[in-house]
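Work through the exercises below with the sequence and the coordinates open side by side. Each task is followed by a solution that proceeds step by step.

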Amino acid sequence: MPLKINGLKTRFLPGVIRGSLDLPAENSQISGVLEVAGWAFSRLAPIVRVEAFIDDILVGTVRYELARPDVANRWPKAANSGFSARLNPDIAFSGPKILRVRVSDALGNYRDFTRPILLKPPSLRIQLDLPQPGVSSAGLLPIEGWVYTPNKSLTKIEAFLDNQFLRKLAFNVPRPDVEASFSYSPFEYSGFRGLLSFEPGQIWPRTLLIRATSATGEAAEVQLEINQAKFPEPVVEIEQASWQNNLLQVSGYAFWMDSQPPCHAKIYLNEKQIGEILVNLSRPDVAQKFPIMPVARHSGFRFVQLLEPELKEITGANQLKIEFLDGQNQTFEQTLSLTCSESEKSGNAFITQFAKSLAEIKTRLEIVPPVLDWNSGAKLAEAFPELTIFTPPLPVTQPLLPYIDQSLEVIVTGQSETAYLAEARRVATIALIWPENGKLKLEWLAEVTPRPSLPSVSIIIPVYNKLHYTQACLEALQETLPPDFWGEIIVIDDCSSDETPQVLTKIIESDKRIKYLRNETNSGFIDSCNRGAEAAIGEILVFLNNDTLPRPNWLPPLLKALQEQPQAGAVGGKLIYPDGSLQEAGSVIFSDGSGCNFGRGDAKANDGLYSYLREVDYCSGALLATPRALFQELGGFDTRYRPAYYEDTDYCFKVRAKGLKVYYQPESIIVHFEGVSSGRDVTTGVKSYQLVNQRKFVEKWADTLKNQPAPPLRIDYENLQRWAVRQNNYPLAQTQRIDEQ
């Protein structure tokens, strides 16, 4: 190829690039990491690229312009002629191969250095998908990739920058795309991801190294050169993305470096929008990570939702996309692959069994004492934010708890070694929770007098279609009912048109506590509840919506309040939204029959204002406990309110008219997916009966309502609702008046 150098036409000349390939040695046997090193310089132009090939297939770029004082002794201009890399050839390259390192200068001259080598398939290999070669960064770097290893023996993945440790990366992230590409391979695949943050520094480029280590101590590495860049624009880290039994949970944080924080985010699954959330949760840990960015303090988000059955694609990869929008209408997106899992993962199993142990502890103690999480590895404090769970800042490799002596009631540990258990028994005073034969064992360390046994209970759940919500509710019940539960679960199917009958028939085969009743015609919520009450045999009736997820230890506090509170006739609990904010902490009824859920929408659901037992006007029928004899005496839910709405309010007023009281019990907590059955539009469908039944309620209780407080806004309710519909602003009207059940 002709070139012009100093105005003269010439051709490539032999010997323009000089150098040597020092590593690997000829005929080296390589398994895992392939180390490449040598030196090269061009007599005519700077070196601009060094690449490594195996049998003419590019396997990676090689860092160059490294110091080589030994070479400089002979050629002074070659003082920085060194090159080096640690590569991970694909498993497909096994066998005798030719390694070729190509060095190219700025004028297009190049020279190949070759070595015959023998590649053996490694037992551990790492692949880095993000960042890509040539990436630029100024202190933040998203990481994503995968590792294959035999027998799930991966123990850790670490990130280093210029040989300085940065952090460990989360692994066991599903990678169905990798599994599909290597379906013939006997190896196990584990995805990993994380967000690295580091001081930009003065020296560029910098070397990023990701190292995976197996249980046998074998390590695989991949390294990448990072160039300098301006401070990145959006910062986002998806810390959790799980799809378990059709319950999708996503959480993390996001913000811009030079703009207002994101106001909200839209969630898409396979290009279909499934929800929208605010990005404003308090994240002091993120603020510590980015101390110069005030917007980082309230950058958290959390999304929890049961998915419609048609969205469920167990086979193949599903694309989850989160679209963020900030206060200046800037947008950015984050996408990842997600696989739906039907089986319970080990981490979730630990949490589920721990919740059952806590329920038993609370049953016997009537409280849940503080818990020391000693090396369980299950992030219990995150799973149970309403409890006091803390971790000692001590090395987990030492079976010691110094400075602590008989001062903690309950200890949970992930260790089963004798030394750990002996130390835990020395410190704990009441109970120890530890793994034995794959399950958690609750060991009582002191004689604890159990509370009186629970009364018999009939849990009544009316359902109409929405099978996936019903299944999730029943699964949550099975996980959270106390060990001494004595009773039944009655599911009344209001003539569903989906697969509810077939699926529930199979479910009751595995749980004999569940009774299934099916209406011959669609009768409505009230008739279904009354039919369930007629069939019940328990001392206490507990009405529960099917679009709820009971939290651990939700039932005993309801029963305790009915047993211990003077003249208690009905008790409800704390209802929270899937994002953790408060939906209802008891309710008040105004003189015009409208109502308000106390604390509705407050992000601080566990605030002291909502955390004490108190008398209220009424509690939602989504969770309401009452004695069966009283329910029968009062005639059940009044059928004048058919098909639904105001029947629970009316029942609580009947309880109060008899001289009994209605209580709100904050220790009984459920998640309520509001508006699933009847929607939220008060002008259409079953929801339209909310306004109709309000008038009926006012007519029935006119004398009693005279003693109720006046509504906060004296605006005609119907006109307000019509105005809200025209403005397409339902929440405005709803926050002024009656709650959504």
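**Exercise 1.** Is R206 buried or exposed? Establish this, and then describe the salt bridge in which the residue takes part.

*Solution.* The model is a predicted one, and the values that follow are computed from it. The relative accessible area of R206 is 12%, and since the cut-off for a buried residue is under 20%, R206 counts as buried. Its side chain meets that of D162 in a salt bridge, with an N to O distance of 3.0 Å. D162 sits in the loop between β15 (154-161) and β16 (164-168), while R206 belongs to strand β19 (residues 206-214), so that the pair links distant parts of the chain, 44 residues apart. D162, at 35% relative accessibility, is partly exposed.

**Exercise 2.** Which parts of the chain does the pair of R68 and D22 tie together? Give the accessibility of R68 and of D22 as well.

*Solution.* The side chains of R68 and D22 form a salt bridge at 3.1 Å, N to O. Because R68 lies in the loop between β8 (63-66) and α1 (69-72) and D22 in strand β3 (residues 17-23), the bridge ties together parts that are 46 residues apart in sequence. R68 has a relative accessible area of 16% and is therefore buried, whereas D22, at 33%, is partly exposed.

**Exercise 3.** How many salt bridges does the structure hold, and which residues are linked in a network?

*Solution.* The structure holds 26 salt bridges. D56, R100, R102 and D112 are linked in a network of such bridges. A further pair is E51 and R49, whose side chains meet at 3.5 Å, N to O; here E51 is buried, at 15% relative accessible area, and R49 is partly exposed, at 39%.

**Exercise 4.** Which residues touch the most other members of the largest nonpolar core, and which residues does F631 touch?

*Solution.* The largest nonpolar core comprises 42 residues, of which L541, F543, F631, F637, Y651, V662 and F697 touch the most other members. Among the elements that give two or more residues to this core are α9 (525-535), β36 (540-544), α11 (628-633) and α12 (647-657). Leaving aside residues up to four places away in sequence, F631 touches N530, A533, L541, F543, T626, G636, F637 and Y651. Another core, of 34 residues, lies apart from this one and includes I459, L481, V491 and L623. As a general background, nonpolar side chains tend to be buried together in soluble globular proteins.

How values were computed:
Residues are numbered from 1 along each chain as its sequence is written. This is a predicted model: local features need pLDDT of at least 70, side-chain atom pairs count only at pLDDT 80 or more; totals for chains, interfaces and linings use all residues. Side-chain values use heavy atoms; hydrogens and water are left out. A nonpolar core is a set of buried Ala, Val, Leu, Ile, Met, Phe, Trp, Tyr and Cys residues joined through side-chain atoms within 4.5 Å. Buried means under 20% relative accessible area, exposed over 50%, partly exposed in between (1.4 Å probe, protein chains only). Helices (H or I, at least four residues) and strands (E, at least two) are DSSP runs, numbered from the N terminus. Contact means heavy atoms within 4.5 Å. A salt bridge is a side-chain nitrogen of Lys or Arg within 4 Å of a carboxyl oxygen of Asp or Glu.
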